[in-house]
Amino acid sequence: MQSPETFPALAYETSLQLNADGELRHLLTLKGLSRDLLTALLDEAQHFVSQPGSATIRSRSLAGRTVANLFFEPSTRTRASFDLAGKRLGADVLNLDVNTSSRKKGESILDMIYTLQAMHVDIMVIRDASAGVPAYIAHHVEDHVSILNAGESDVSHPTQGLLDLLTIRQRLGKFENLIVTIVGDIAHSRVARSAAEGLHTLGVGELRLVSPPSLAAAPDDMPYARSLDNLDDGLRDANVVMALRIQRERIADLDGIPDSDQYFEQYGVSKKRLQVAAPDVIVMHPGPMNRGIEIESTLADSPASVITQQVSNGVAVRMAVLEWVSRTMASR
Ligand code: CP
């Protein structure tokens with residue numbers, strides 16, 4: 001679903017995310033957040049993880065708060081986990097069906113936001129196909145409202161970045177000296193950007209971005225990472241391998257994009273290809289995954305795969321972020 005409006009490319013200045021006391025008010029991007037803040041968010045998320053494989057710990061810390069989920073693009077994991085996260089913290093959660101909302105009758109996104117603001121929604125969780133939407137809204141809401149970015153075009157997906165960081169930390173205990181390889185459609189991936197921003201801040205040893213040349217990042221995008229087009233070179237000695245799907249919905253001209261069989265042959269992550277990686281390599285995927293295209297199906301279900309752990313951590317991370325911005329609100 002493409003947003004019918006256009007939005008100014010607002011700078012993600014740190015002051016927009018943090019209040020005057022340096023506390024997190026909105027979460028729009030991981031870029032510019034300090035190592036201490038990222039670590040504290042991961043610690044808070046870890047607190048909600050009870051036992052591996054179990055549901056998160058519950059609390060009533062958001063009782064009396066209202067969270068609205070506004071997803072203008074499809075989602076399973078992010079939407080469901082924000083819904084569960086809000087409910088497990090005792091919030092009232094509004095999942096607005098945007099397909100039957102008055103935006104379909106031409107209402108602007110700001111008028112929609114002002115309407116929800118007047119109903120005393122405290123936290124708005126927004127996913128949109130257009131770059132700039134979360135920052136644009138954050139610039140316009142009143143002080144009592146927080147905005148959380150749940151996926152913005154190819155720009156940013158900060159809670160996905162946090163859950164990826166949490167999963168790596170749980171499995172490998174550190175970021176320093178790790179080789180992390182992200183494979184796939186880097187050019188159109190907000191997941192790659194947010195993971196890269198967080199990993200860079202937390203001091204990852206080496207970050208590799210592997211893609212066909214037609215799906216590579218621009219040279220000045222993520223300059224701290226090493227870009228490669230050969231998967232075997234990218235996988236050598238890697239401790240973490242994250243596979244990404246081709247984001248066809250963001251590609252206007254699919255000419256030059258390898259077909260599924262060619263893609264798997266050259267860029268599909270498989271058990272055989274992983275033989276050159278570190279012996280305890282973990283395999284990640286943000287989902288939704290296309291088995292047999294970017295990742296071998298049996299690998300996705302193998303002990304090396306941490307994909308279901310990523311999904312579980314998504315609830316804990318979103319609980320931590322909701323609780324954090326709610327605390328910032330209470331301190332105003
Ligand atoms: N990883 C992710 O954002 O998945 P969904 O699109 O299902 O929310």
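**Ligand site and cavity**

R77, S81, Q160, L163, P286, Q310, V311, G314 and R318 line the largest cavity, each having an atom within 4 Å of a point on a 1 Å grid over the protein atoms alone. This is a predicted model, where local features need pLDDT of at least 70 and side-chain atom pairs count only at pLDDT 80 or more, while totals for chains, interfaces and linings use all residues. Residues are numbered from 1 along each chain as its sequence is written, and side-chain values use heavy atoms, with hydrogens and water left out.

**The cavity**
- A cavity here is a set of grid points where a 1.4 Å probe fits but cannot get out.
- The structure holds one of 30 Å³ or more, and the volume of the largest is about 70 Å³, counted as the space filled by probe spheres set on the points.

**Around the ligand**
- S75, T76, R77, T78, R127, H157, Q160, P286 and G287 surround the ligand (a heavy atom within 4 Å).
- By class, that shell has one nonpolar, six polar (Gly counts here) and two charged residues.
- Domain 1 (14-155 + 312-330) and domain 2 (158-307) each give the shell at least three residues; the bounds come from an automatic or database domain assignment.

**Polar contacts (N or O pairs within 3.5 Å)**
- A polar side-chain atom of T78 sits 2.6 Å from a ligand oxygen.
- For R77, a backbone N or O atom is 3.0 Å from an oxygen of the ligand.
- Q160 puts a polar side-chain atom 3.0 Å from a ligand nitrogen.
- On its own the ligand has 250 Å² of accessible area (Shrake-Rupley, 1.4 Å probe), and the protein covers 91% of that.

Key:
Polar contact = N/O pair within 3.5 Å; in protein donor to acceptor, adjacent residues only side chain to side chain. 1 Å grid on protein atoms, 1.4 Å probe; cavity = no way out; pocket = protein on both sides within 12 Å on 5 of 7 lines; lining within 4 Å.
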